[in-house]
Amino acid sequence: MYAGAQSIKQHALANGGNADPSRRFIEKGSGSFAFGARLGYKISRWDYSINYNRITKEGRYLMPREWGRDPFFTFMPRERNEGFGDVHAIVAKAAYAIPQKRMKLNLSAGYFNMPDINNTVLNKFGMPSYWQMNADIRYSFAGLFQGMDAQLLIVGKMNQGNLYNNPKNEINKVNMVLYNFVLNYHF
């Protein structure tokens, strides 16, 4: 069994990154607070966990995409909480490893309760609440191709919020399935 807790506090320093308001990363005097918890169980080749994250109404959580993925326990590939406030997220994860076959299977499902898409103060990208399910299969090569791995990632997102009958609130956001095949080489 394992458990974890985390918290992140953000606050703007000085002028938020630039004297020109149109170039600021964060508005003067703003900030955010997020906290999360996880409970997991590992047995043999299996790893199960239930994960929760909350970004409060204090403000939008901001993280430059160049810095990588969100550090939350509820992180799932092709999902981000950057640019949002007043979020509740709960994610169940299961991972299975087959070392002799050099394979890993990761399954996850989560519900992300977002602020209304018209609330631009807390919902920067107009993302509705949604369910997301991921299937991630990875294979690590051996021999001549040692250091290379192949990944098949299948992501489904289903809308759970009000789209206000506007296609721009749905297209490339929810009610979709995404398939990725990725080859990585690790030096």
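Guide: A salt bridge is a side-chain nitrogen of Lys or Arg within 4 Å of a carboxyl oxygen of Asp or Glu. Keep that cut-off in mind. The model here is predicted.

Visitor: Why is the pair R23 and D20 called a salt bridge?

Guide: The side chains of R23 and D20 meet with N to O at 3.7 Å. The limit is 4 Å, so the pair qualifies.

Visitor: Are R23 and D20 buried, partly exposed or exposed?

Guide: R23 has 62% relative accessibility. Exposed means over 50%, so R23 is exposed. D20 has 31%. That lies between 20% and 50%, so D20 is partly exposed.

Visitor: How many salt bridges does this rule give?

Guide: The count comes to 5. One of them joins E58 and K9, with the closest N and O atoms 2.3 Å apart. E58 lies in the loop between β3 and β4, K9 in strand β1, so this pair links distant parts of the chain, 49 residues apart.

Visitor: What makes E58 and K9 partly exposed?

Guide: E58 has 46% relative accessibility. K9 has a relative accessible area of 46%. Partly exposed runs between 20% and 50%, so both labels hold.

Visitor: How do you know that R80 and D70 form a salt bridge?

Guide: N to O is 3.9 Å for the side chains of R80 and D70. The limit is 4 Å, so the pair counts. R80 and D70 are both in the loop between β3 and β4, 10 residues apart.

Visitor: Why is D70 called buried?

Guide: D70 has 1% relative accessibility. Buried means under 20%, so D70 is buried.

Visitor: What about D86, buried or exposed?

Guide: The relative accessible area of D86 is 18%. That is under 20%, so D86 is buried. D86 is found in the loop between β3 and β4. Leaving aside neighbours within four places in sequence, its contacts include R54, I55, N113 and L122.

Visitor: What makes β3 and β4 a strand pair?

Guide: 10 bridges join β3 to β4 (residues 87-98), and the two run antiparallel. At least two bridges are needed, so they pair. I55 has V87 in β4 as its bridge partner.

Visitor: How do you know that β2 and β3 pair?

Guide: They too are joined by 10 bridges, and they run antiparallel. Two would be enough, so the pairing stands. Y41 stands opposite Y48 in β3. β2 and β3 form a hairpin with 2 residues between them, and S44 in the turn has a positive phi of about 50°.

Visitor: Which residues make the nonpolar surface patch?

Guide: M1, L39, Y41, I43, W46, Y48, I50 and I90 make a patch of about 780 Å². β2 (31-43) and β3 (46-55) each supply at least two of its residues. M1 is in the segment before β1 (2-11).

Visitor: Why is M1 called exposed?

Guide: M1 has 70% relative accessibility. Exposed starts over 50%, so M1 is exposed. A patch residue needs over 30%, so M1 meets that cut-off as well.

Visitor: What makes the link between Y164 and D116 a polar contact?

Guide: The side chains of Y164 and D116 are joined at 2.6 Å. The limit is 3.5 Å, so the distance fits. Y164 is in the loop between β7 (148-159) and β8 (176-185). Beyond four places in sequence, Y164 touches D116, I117, N118 and N169. Y164 and N118 are 46 residues apart in sequence and 9.4 Å apart in space, C-alpha to C-alpha.

Visitor: Why is Y164 called partly exposed?

Guide: Its relative accessible area is 39%. That falls between 20% and 50%, so Y164 is partly exposed.

How values were computed: Residues numbered from 1 in each chain as written. Predicted model: local features only at pLDDT ≥ 70, side-chain atom pairs only at ≥ 80, totals over all residues. Heavy atoms only, no water. Patch = residues over 30% accessible without salt bridge, like charges linked within 9 Å, V, L, I, M, F, W, Y side chains within 5 Å. Areas by Shrake-Rupley, 256 points an atom, 1.4 Å probe, with all protein chains shown as cover. Helix = DSSP H or I, 4+ residues; strand = E, 2+ residues; numbered from the N terminus. Buried < 20%, exposed > 50% of the residue type's maximum accessible area, 1.4 Å probe, protein only. Contact = heavy atoms within 4.5 Å. Polar contact = N/O pair within 3.5 Å; in protein donor to acceptor, adjacent residues only side chain to side chain.
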